[in-house]
Amino acid sequence: MVKVLGIAGSPRREGNTELLLRELLRGAGTRGLETELIILSEVNISPCTSCDLCQNDGMCVIEDDMQLMYQKLLEARYIIFASPIYFSGVSAQLKSFIDRCQALWSRKYILKQKLISPETPERKGYFISTSGSIGNNSVFQGAIATVRAIFHVLEIEYKGELLYQGMEKKGDILKCPDKMQEAFALGTSLR
Ligand SMILES: Cc1cc2nc3c(=O)[nH]c(=O)nc-3n(C[C@H](O)[C@H](O)[C@H](O)COP(=O)(O)O)c2cc1C
């Protein structure tokens with residue numbers, strides 16, 4: 001079954017990016033796709049300590065919830081990252097999650113192991129983000145660069161994004177049903 005993995009990076013529960021992500025997953029669910037939502041603020045994922053021990057065996061020595069995430073990341077057909085813009089980048093929660101993928105980077109580039117079997121159909125990824133500011137088109141660029149970088153390592157094609165400015169307060173996105181509809185429609189377009 002096609003698996004859609006949603007990673008919610010905001011520490012604000014039911015915030016703008018989480019609501020958009022839920023809507024996308026709901027859309028995918030209506031098409032019979034299997035969906036899973038991980039709320040990063042509800043799990044325990046420490047930052048990478050740059051110990052470099054993953055360069056020996058491709059495993060991270062930090063015993064926390066990230067250990068459950070590696071297989072999910074490697075198995076999903078679609079991966080959706082959702083994060084607010086925090087000082088021109090992704091949230092600390094999402095950045096820690098991404099940095100801990102250094103273990104997978106080591107498997108691939110140091111140990112020369114295959115992350116994804118060649119028979120696996122093309123994997124695709126999307127990025128959902130909101131910002132408080134309006135009229136600053138470059139506000140998402142730092143976060144997009146980070147997401148593109150990790151998608152590249154995980155062999156996920158960056159297929160698109162939902163980026164909305166002017167969403168300062170919790171629930172602002174609910175005042176824009178057209179944007180929620182865009183997220184739902186994107187979910188229904190996944191195959
Ligand atoms: C710590 C922090 C840093 C932020 N930095 C920015 C920023 O650099 N630019 C911006 O436009 N909005 C910034 N914001 C506003 C959030 O991006 C905005 O409220 C977003 O919609 C929150 O999404 P959420 O409801 O999913 O958490 C910041 C908010 C916080 C709490």
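**Exercise 1. List the buried residues of α1 and find what covers them.**

*Solution.* In helix α1, the buried residues are Asn 16, Thr 17, Glu 18, Leu 19, Leu 20, Leu 21, Arg 22, Glu 23, Leu 24, Leu 25, Gly 27 and Ala 28. A residue is buried if 20 or more other C-beta atoms lie within 10 Å of its own, exposed if 12 or fewer, and partly exposed in between, with C-beta atoms placed from the backbone. Helices (H or I, at least four residues) and strands (E, at least two) are DSSP runs, numbered from the N terminus.

The model is a predicted one: local features need pLDDT of at least 70, side-chain atom pairs count only at pLDDT 80 or more, and totals for chains, interfaces and linings use all residues. Residue numbers start from 1 along each chain as its sequence is written.

Next, the count: 12 of the 15 residues of α1 are buried, so the helix is mostly covered. The cover includes β1 (3-8), β2 (34-39), β3 (78-84), β4 (123-130), β5 (156-164) and α7 (177-189).

Then the length. From first C-alpha to last, α1 reaches 22 Å, close to the 21 Å expected at 1.5 Å a residue. The expected span is 1.5 Å times one less than the number of residues. Just after α1, Gly 32 takes a positive phi of about 85°.

**Exercise 2. Work out which residues touch the most other members of the largest nonpolar core.**

*Solution.* A nonpolar core is a set of buried Ala, Val, Leu, Ile, Met, Phe, Trp, Tyr and Cys residues joined through C-beta atoms within 7 Å. The largest has 47 residues. Ile 7, Leu 20, Leu 24, Ile 80 and Ile 128 touch the most other members. Helix α1 gives the most to this core, with six residues.

Now take Ile 80. Contact requires C-beta atoms, placed from the backbone, within 7 Å. Leaving aside neighbours within four places in sequence, Ile 80 is in contact with Val 4, Gly 6, Ile 7, Leu 21, Leu 24, Gly 125, Tyr 126 and Ile 128.

Follow one partner, Gly 125, which lies in strand β4. Gly 125 counts as buried because it has 23 C-beta neighbours inside 10 Å. Beyond four places in sequence, Gly 125 touches Tyr 78, Ile 79, Ile 80, Phe 151, Ile 156, Glu 157, Tyr 158 and Lys 159.

**Exercise 3. Describe the shell around the ligand.**

*Solution.* A residue is near a molecule if its C-beta atom, placed from the backbone, lies within 6 Å of it. The shell has 19 residues, of which Gly 15, Pro 84, Ser 131, Gly 132 and Ser 133 come nearest. By class, six are nonpolar, nine polar and four charged. Here Ala, Val, Leu, Ile, Met, Phe, Trp, Tyr, Cys and Pro count as nonpolar, Asp, Glu, Lys and Arg as charged, and the others, Gly among them, as polar. Helix α1 (residues 16-30) gives the most to the shell, with three residues.

**Exercise 4. Compare the settings of Glu 14 and Glu 155.**

*Solution.* Glu 14 lies in the loop between β1 and α1. Glu 155 lies in the loop between α6 (141-153) and β5. Glu 14 has a positive phi of about 60° although it is not a glycine. For Glu 155, also not a glycine, phi is positive at about 60°. Now burial: Glu 14 is exposed, with 11 other C-beta atoms within 10 Å. Glu 155 is partly exposed, with 15.

Conventions: Two residues are in contact if their C-beta atoms, placed from the backbone, lie within 7 Å.
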